[in-house]
Amino acid sequence: MGSANQVLNICAPITNQQESVSVEQIVNNMKLAKEEGADTVEVRLDCITNFYPLLHLKIILQNKPLPVLIANRKKWDGSLSKGDESMRLEALQLAVELGADFIEVELKEASCIPALVEHKRNHNSHGKIIVSCYVDGITPPQEELLQLVARMQATGSDIIKLVTHAADITEVTRIFSLFPHCQNLQVPLIAYSYGERGLISHLLSPKFGGFFVYGSLAGNPIPGMPSLDSLKEAYKLEGVNEDTKVFGLISKPVSHSKGPILHNPSFRHVNYNGIYVPMFVDDLKEFFSTYSSPDFSGFSVGIPYKEEVLRFCDEVHPLAQSIGAVNTIIRRAGDGKLVGYNTDCEAAITAIEDALVERGCNDGGASLGSPLAGRLFVLVGAGGAGKALAFGAKSRGARLVIFDIDFDRAKSLACAVSGEAQPYKELVNFQPEKGAILANATPIGMHPNTDRIPVAEATLEHYWLVFDAVYTPRRTRLLKEADAAGATTVGGVEMFLRQAIGQCNLFTGLEAPKELMREIVLSKF
């Protein structure tokens, strides 16, 4: 496990294997990496256009604003000649002479490491030698990885680097388990999985004691690698240590999530030692059986798992049980049981109620305490978010009409809330009574398909209020059209904020910093 006093070292790859770069671009990218918060930069010599070893290495290493890791990788397709190998060794020896801070050698070429070590000694160089191995395909079993680490340690290098491809998020735990093993051997380890499902291998590296955390430049995004900006602004990994509790958003896809830029600063604000990370999950059963340690203390649940996740909870809060959807899970400290909650319901309904009160629409429901009482509530979407809205609206005395592309699902929900289901194809022509509420609980209009709208524009003038659960973009086309038609609008951002406040209370057991959270949402969403 990582220790509280371990120094965080963020390394930015500044060359892209997909395209060649000039030395001028490398020098510029090194400066950008420093500005964006990197501590070290990784330069691949094989990505440099018309590479001249002495000339180009001098330019790079004489202009470095940060420590530099020099690598020189090639495709292993059997076409390498001895000449290629000796030229690559000469380039790495030059890097040692000219002051490279780290020199990376692939395990397949580890026979050259003794010569590099000798070269270091002769030139009184302090550069560290990294032996690396890049494993394609599915991450090997634990036993194979340990054998690989033993082979790498036997090369006599200073640092071991292992990179795998995460075909599934559950494979990443095999990477995490290597860290304590290497600490016992007293050899620093850089290890991560690439691909979107491997993102947590970077973000949780400091918790487990990784030597580097990798972060990408703004102009060079790398799938599954956090950006330098997110590491600096949202995650601030220097505060992460072995005692840090992990919370994650379970979703598929997950890249759209704004949760990390909201929850992480909130944890810090209330001095809670936690980190909130996106988790691209393909199989809930595999996920929960793999991530069963108390370190993984809670989860937000997103699309498409809010209903399916109920069967993996040991207990479910009565409101979430009646809705049939869970958006928050806590691992109870005493017994490790998973307890499911729903913070979506109150979040959406109170946002709608507050907007109606602001508009002065509390006439019909004053006696029942809610401006929704007796009002027609037209709901589009009967999935997890739709269910939360339906049960919330029913609890306030609204009359529901429900549309869903799956008519049986719409009928089932309508039955549960004493509402009416109508075929989805009727939605485009549906004429509500004056003063109705429209709520979109489908992903229609979500980035990247932002030009879509779930209803006919001509019908929007009949609604007093239009709510859209989508929050990327912040102002969806539905909300813009509703505004133009004269309706009061409530965006998914407001629901997102309120449900996140509820989650933060559950995650930390402390009072969520509401004002800070609202400030973040207004400035960054």
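This note describes the two largest pockets of a predicted model.

1. In this predicted model, local features need pLDDT of at least 70 and side-chain atom pairs count only at pLDDT 80 or more, while totals for chains, interfaces and linings use all residues. Residues are numbered from 1 along each chain as its sequence is written, and side-chain values use heavy atoms, with hydrogens and water left out.

2. The largest pocket (on a 1 Å grid over the protein atoms alone, an open set of points where a 1.4 Å probe fits, with protein on both sides within 12 Å along at least five of seven lines) has a volume, the space filled by probe spheres set on the points, of about 1,000 Å³. Its lining, meaning residues with an atom within 4 Å of a point, holds 34 residues, and Gln-17, Arg-44, Arg-73, Tyr-134 and Tyr-194 lie nearest the centre.

3. Among the elements that give two or more residues to this lining are strand 2 (40-44) and helix 5 (142-153), where strands (E, at least two residues) and helices (H or I, at least four) are DSSP runs numbered from the N terminus. Strand 5 gives the largest share, three residues.

4. The second largest pocket contains about 840 Å³ of space. It is lined by 40 residues, and those closest to its centre are Gly-302, Ile-303, Lys-306, Ala-385 and Ala-441.

5. Several elements each supply at least two residues of the lining of the second largest pocket, including strand 9 (245-251), helix 11 (259-269) and helix 15 (384-395). The largest share, five residues, comes from helix 18.
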